[in-house]
Amino acid sequence: MDVLAPPQRDLEHLATEVLEVLIENDEARLATSRDELERRLPDTSADITAAIGALVAAGIALTRDHLVQLTDDGRDRAFRRVRRHRLTARLLSDVIGIPWWKVHGMTSEWERLVDDEVEARIVDLLGDPGTCPHGNPIPGSANQPHFPDAMLLDDAPVGPCRVVRVTQTLVDDDEALQLLELSGFLPGSEGEIKSRRDGWVEVAGTIRDAALPPHMARHVVVAPR
């Protein structure tokens with residue numbers, strides 16, 4: 001995929017991705033600015049504004065100055081929506097066998113079919129998974145992993161590590177995800193940070209070594225071992 005010219009995505013899919021960033025920051029008690037959303041999501045400013053507008057109209061989010069935040073009533077709805085999104089991604093990956101780097105792009109179509117009954121069946125089938133295939137926590141799961149020392153790869157010390165997750169910024173970057181997959185430097189796997197230079201980070205995955213460029217190092221989360 002050409003990350004400089006991503007394909008047009010439907011408003012509902014983009015709104016869900018905005019919610020994923022809002023929830024991530026909400027759990028960390030951080031504010032979310034429009035500028036941050038534009039940095040982290042591969043969409044135009046106009047499209048992101050439209051997605052925010054849809055969430056505000058639905059009562060899920062509100063805007064104040066340049067900040068976007070979840071409403072009290074919208075927080076539960078946002079968690080439920082992101083929960084189904086990430087459960088669907090896990091189903092596509094673990095049961096149907098969709099390649100890891102393709103899963104995110106297919107999720108928006110499938111998640112529309114997930115109602116309460118289907119959600120419950122996915123949870124039973126997969127044993128209440130704690131994360132989506134990219135390592136991001138599934139709201140409401142009793143099996144969410146806990147890595148208090150997790151940090152961005154860009155900040156992590158040289159040495160053994162565990163790959164925790166990939167942020168929303170990279171989940172639509174097929175080229176970046178394929179590089180992680182080919183090296184075996186995937187969420188849940190053990191790896192090693194071997195060296196860094198000029199923002200690039202050389203890592204050892206379960207398959208082979210890889211040099212990750214700066215934009216990837218800023219959006220892969222690891223925990224030192």
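This is a short tutorial chat about a cavity, two pockets and one proline in a predicted model.

Me: What should I know about numbering and confidence first?
Reply: Residues are numbered from 1 along each chain as its sequence is written, and side-chain values use heavy atoms, without hydrogens or water. The model is predicted, so local features need pLDDT of at least 70 and side-chain atom pairs count only at pLDDT 80 or more, while totals for chains, interfaces and linings use all residues.

Me: How many cavities of 30 Å³ or more are there?
Reply: On a 1 Å grid over the protein atoms alone, a cavity is a set of points where a 1.4 Å probe fits but cannot get out; a pocket is an open set with protein on both sides within 12 Å along at least five of seven lines, and lining residues have an atom within 4 Å of a point. Points are joined across faces, edges and corners, and a volume is the space filled by probe spheres set on them. Here the count is 1 cavity, and the largest holds about 50 Å³. Its lining includes Glu20, His85 and Cys132.

Me: What is the volume of the largest pocket?
Reply: About 540 Å³. Of its 22 lining residues, Glu27, Pro137, Ala150, Val164 and Arg165 are closest to the centre.

Me: And the second largest pocket?
Reply: That one has about 230 Å³, with 13 lining residues; Thr169 is among those nearest its centre.

Me: Is Pro213 buried or exposed?
Reply: Buried means under 20% relative accessible area, exposed over 50%, partly exposed in between (1.4 Å probe, protein chains only). Pro213 is at 13%, so it counts as buried. The C-alpha atoms of Pro213 and Thr169 are 14 Å apart.
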